[in-house]
Amino acid sequence: MNIFEFDRSAPLIELRGVHKKYQMGEESIHALKGIDIRIQSGEFVAVWGPSGSGKSTLCNLIGLLDTPSAGAVHLNGQDVTKLRDDRRSEVRNKAMGFIFQSFNLIPVLSALENVMLPLQIAGVSAKVARQQALERLAEMGLERHKTHRPAKLSGGQQQRVAIARALVSAPVLVIADEPTANLDSENAVKIIDLMRDINSKKGTTFIFSTHDQRLLERVGRQVLMHDGEIAEDKLPEKPEAFRVAGVSR
Ligand SMILES: Nc1ncnc2c1ncn2[C@@H]1O[C@H](COP(=O)(O)OP(=O)(O)OP(=O)(O)O)[C@@H](O)[C@H]1O
Ligand SMILES: [Mg+2]
């Protein structure tokens, strides 16, 4: 089974009847209660809703960072629910990029070295990794900051380094769990617009979670979570403004 052979007839992501329960001593927390969703390649999806509604749990399941208690996760038409851990890591490394609320940059590495890291872990030569990382940093407007360590960068700049790092392996899917939660509103808007720009230029699929309703007007599809369920799955009012070349739903 090769997950990377693109099956155009299948959605990029499909969750079928997905439940997630966490056991906390005696108590069982039902974090996801039957999620059914399909996301096509090239979509830009916001997952929003109150704290504790299940946004991170949903992101983690789609990102193969966790497994459902019941139901199935399909990627490109393949059931990945029961893949072995090493295969899950392989799919993550080759096909996905992650952006986190707390940036998760390595403090002792420069911006450039942070962005190079995923490629070096994948065995790409330092020369090629450096070239690719420089290109991604330039796209984020960070060329001048390439030698700076994270502590020398603003929050917005650090998150742009993290986006460059998420994109450096040319993933088909980027998952961003609250990427703007530690940013002021001006930088939050910039980060979302940068991700949208990459989405429309390269067709990279983005799923991001947020509390911030003001960001939703910039987004193609809005999935509202409430108490472990999808309360609303809203498409843009003007779909033509959000359509990406080659994407049909
Ligand atoms: N590892 C875990 N162990 C136990 N319970 C968990 C775990 N992760 C999440 N939960 C619980 O599952 C529910 C959903 O949590 P989740 O983190 O997905 O919500 P969220 O929408 O991302 O919230 P926030 O906006 O605060 O990030 C919550 O009740 C939470 O306490
Ligand atoms: Mg969360």
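## Close-up views of a predicted model

**View 1. Helix α4 has exposed residues on one side and buried residues on another.** On the side of α4 away from its buried residues, Lys-127 and Val-128 are exposed. The model shown in this and the following views is a predicted one. The buried residues of α4 are Ala-129, Gln-132, Ala-133, Arg-136 and Leu-137, and, seen down the axis of α4, these buried residues fall within an arc of 135°, so they line one face of the helix. A general property of helices helps in reading this pattern: an α-helix has 3.6 residues a turn, so residues three or four places apart point the same way. The cover over the buried residues of α4 includes α3 (111-121) and α5 (155-167).

**View 2. The length of α4 can be checked against its number of residues.** Helix α4 consists of 14 residues, 126-139, which at 1.5 Å a residue should span 20 Å, and because its end C-alpha atoms are 20 Å apart, the expected and computed values agree. Just after α4 comes Gly-141, which takes a positive phi of about 70°.

**View 3. Four strands form an open sheet.** The 4 strands of this open sheet follow the order β2-β1-β4-β5, with antiparallel pairing; β2 and β5 (78-79) are the edge strands, each of which pairs on one side only. Between β1 and strand β4 (residues 70-75), which run antiparallel, there are 5 bridges. Two residue pairs can be picked out here: Ile-13 has Leu-75 in β4 as its bridge partner, and His-19 stands opposite Ala-70 in β4.

**View 4. The strands β1 and β2 form a hairpin.** β1 and β2 pair in the antiparallel sense over 10 bridges, and the hairpin has 2 residues between the strands, with Gly-25 taking a positive phi near 60°. Tyr-22 stands opposite Ile-29 in β2. When neighbours within four places in sequence are left aside, Ile-29 is in contact with Lys-21, Tyr-22 and Met-24. Is Ile-29 buried or exposed? A residue counts as exposed if 12 or fewer other C-beta atoms lie within 10 Å of its own, and Ile-29, with 12 other C-beta atoms within 10 Å, is therefore exposed. Computed along the chain in residues, Ile-29 and Arg-214 are 185 apart in sequence, and in space they are 30 Å apart, C-alpha to C-alpha.

**View 5. Helix α1 is largely enclosed by the rest of the structure.** Of the 8 residues of α1, 6 are buried, so the helix is largely enclosed by the rest of the structure. These buried residues of α1 are Lys-55, Thr-57, Leu-58, Cys-59, Leu-61 and Ile-62. After α1 comes Leu-64, which has a positive phi, near 55°.

**View 6. A shell of residues surrounds ligand 1.** Which residues are found around ligand 1? They are Tyr-22, Met-24, Ile-29, Ala-31, Ser-51, Gly-52, Ser-53, Gly-54, Lys-55, Ser-56, Thr-57 and His-211. At least two residues of this shell are supplied by each of β1 (13-24), β2 (27-39) and α1 (55-62), and α1 gives the most, with 3 residues. By chemical character, the shell around ligand 1 divides into 4 nonpolar, 7 polar and 1 charged.

How values were computed
Residues are numbered from 1 along each chain as its sequence is written. Chains are lettered from A and ligands numbered from 1 in the order in which they are written. This is a predicted model: local features need pLDDT of at least 70, side-chain atom pairs count only at pLDDT 80 or more; totals for chains, interfaces and linings use all residues. A residue is near a molecule or strand if its C-beta atom, placed from the backbone, lies within 6 Å of it. Ala, Val, Leu, Ile, Met, Phe, Trp, Tyr, Cys and Pro count as nonpolar, Asp, Glu, Lys and Arg as charged, and the others, Gly among them, as polar. The expected span of a helix is 1.5 Å times one less than its number of residues. A residue is buried if 20 or more other C-beta atoms lie within 10 Å of its own, exposed if 12 or fewer, and partly exposed in between; C-beta atoms are placed from the backbone. The arc is that of the directions from the helix axis to the C-beta atoms. Two residues are in contact if their C-beta atoms, placed from the backbone, lie within 7 Å. Two strands pair if DSSP finds at least two bridges between them.
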